[in-house]
Amino acid sequence: MTSTLTISHLTKTFGSVTALSDVSLCVAPGERVALLGHNGAGKSTLMKLILGLIAPDTGDISVCGAVPGNPGARLQVAYLPENAAFHSALTGLEQIAYYMRLRKVDPKGAMDLLERVGLASAAKRRIGTYSKGMRQRVGLAQSLIGSPALLVLDEPTSGLDPVSRRDFYDLLDDLAADGAAILLSSHALTEVEARTDRLCILSGGKVVAEGSLQALRREAALPISMQITALNGYGTDIMAALPHAIRVENTLHLTCAQSDKLATLARISAMQNMVADFDIIPPSLEDIYGHFSRRDGQ
């Protein structure tokens, strides 16, 4: 399948500062890719390059087969900045209708877009009365105009409450199912852990890790945590069999290397008559992100 976004060996410098170095990344139709990195890692620079706002020093970018910034690419790309700003005197409906006319799309569909992002009831209120989360929804609605093939989203859930965040990712799932390619930047690691297909970790302007969460877990090879709840009276016996565990009342906590996982599970299974409950806690995305960032010296 041809990628909607293809970035090959991209480098961008600003004076003596190298913002991006030999970055390569692809996003296919229907794929949700999270772009992760500390402040200054190069995420914003990469997004500006994709949008055609700045040009790379070396390397290539293809957006739907076109050069970023040219009319063909612009028609296919939507962008939502972290802090979307709109005219406070306009209503949400007026603002979206205005953007639709700019993109030569029938403005009669403005209410449908606002309903899709949960703003139908506030569509005729002035944006100056909206909360930050509501303004972010206006931004999301404008990014959906024209059914773009590529959505570039910078901290898109900033200002949204937990329910609105869940609804936002449900909407992204629907867009991806319809074939849209999605590249989003976020510091909310817990959110993107379960709602994206691949992760790209930038550190110091370089891609230090890229792949699915499962693939990055295997590559990082971080220890696995286990939690065992002993049946009454058996905590001491389990401790004797697992001397490296830490006991807190009737619960035992232990970690083991990935290579020791099956052997450890076998030892616990052999004591099943002593165990009331058992949980395996794999490394979180936060753990993985920290691992690859530290490995790069950041």
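This report walks through a predicted model, from the whole chain to its largest pocket and a few individual residues.

## Overall architecture

The chain has 298 residues, and 45% of them count as buried. Its secondary structure comprises 11 helices and 13 strands. The C-alpha trace spans about 75 × 50 × 35 Å along its principal axes.

Contacts reach across the sequence. Take those between residues at least 6 apart: 69% of them join residues at least 24 apart.

## The largest pocket

The largest pocket holds about 400 Å³ of space. Its lining numbers 16 residues. Nearest the centre lie R74, V77, A78, Y79 and R103.

By type, the lining divides into 11 nonpolar residues, three polar and two charged. Several elements build the wall. Helices α1 (43–51), α2 (71–76), α3 (92–102) and α5 each supply at least two lining residues, as does strand β5 (77–80).

## Helix α1

Helix α1 is one of the contributors to the pocket lining. Seven of its nine residues are buried, so the helix is largely enclosed by the rest of the structure. The buried set is K43, T45, L46, M47, L49, I50 and L51. A lysine, K43, is thus listed with the buried residues.

G52 follows α1. Its phi is positive, near 80°.

## S143 and helix α5

Helix α5 covers residues 132–143, and S143 lies in it. Is S143 buried or exposed? S143 counts as buried because its relative accessibility is 1%, under the 20% cut-off.

The S143 side chain reaches back to the backbone oxygen of L140, at 2.6 Å. Beyond its neighbours within four places in sequence, S143 is in contact with A78, Y79, P148 and L151. Two of these names recur at the pocket: A78 and Y79 are among the residues nearest its centre. Helix α5 itself supplies at least two residues of that lining.

## I268 and helix α10

I268 sits in helix α10, residues 261–269. With a relative accessibility of 5%, I268 counts as buried.

Which residues does I268 touch, leaving aside neighbours within four places in sequence? They are M226, I228, L242 and F278. The I228 contact spans 40 residues in sequence. In space, the C-alpha atoms of I268 and I228 are 8.7 Å apart.

## Cysteines

A search of the whole structure finds zero disulfides. C64 is in none, and the nearest cysteine sulfur, that of C26, is 13 Å away. C64 is partly exposed, with a relative accessible area of 33%.

Why does C200 form no bond with the closest cysteine sulfur? That sulfur belongs to C26 and is 11 Å from the sulfur of C200, too far for a bond. A disulfide would need the two sulfur atoms within 2.5 Å. C200 counts as buried, at 1% relative accessibility, whereas C64 is partly exposed.

How values were computed: Residues numbered from 1 in each chain as written. Predicted model: local features only at pLDDT ≥ 70, side-chain atom pairs only at ≥ 80, totals over all residues. Heavy atoms only, no water. Helix = DSSP H or I, 4+ residues; strand = E, 2+ residues; numbered from the N terminus. Buried < 20%, exposed > 50% of the residue type's maximum accessible area, 1.4 Å probe, protein only. Polar contact = N/O pair within 3.5 Å; in protein donor to acceptor, adjacent residues only side chain to side chain. Contact = heavy atoms within 4.5 Å. 1 Å grid on protein atoms, 1.4 Å probe; cavity = no way out; pocket = protein on both sides within 12 Å on 5 of 7 lines; lining within 4 Å. Points joined across faces, edges and corners; volume = space filled by probe spheres on them. Nonpolar A, V, L, I, M, F, W, Y, C, P; charged D, E, K, R; others polar.
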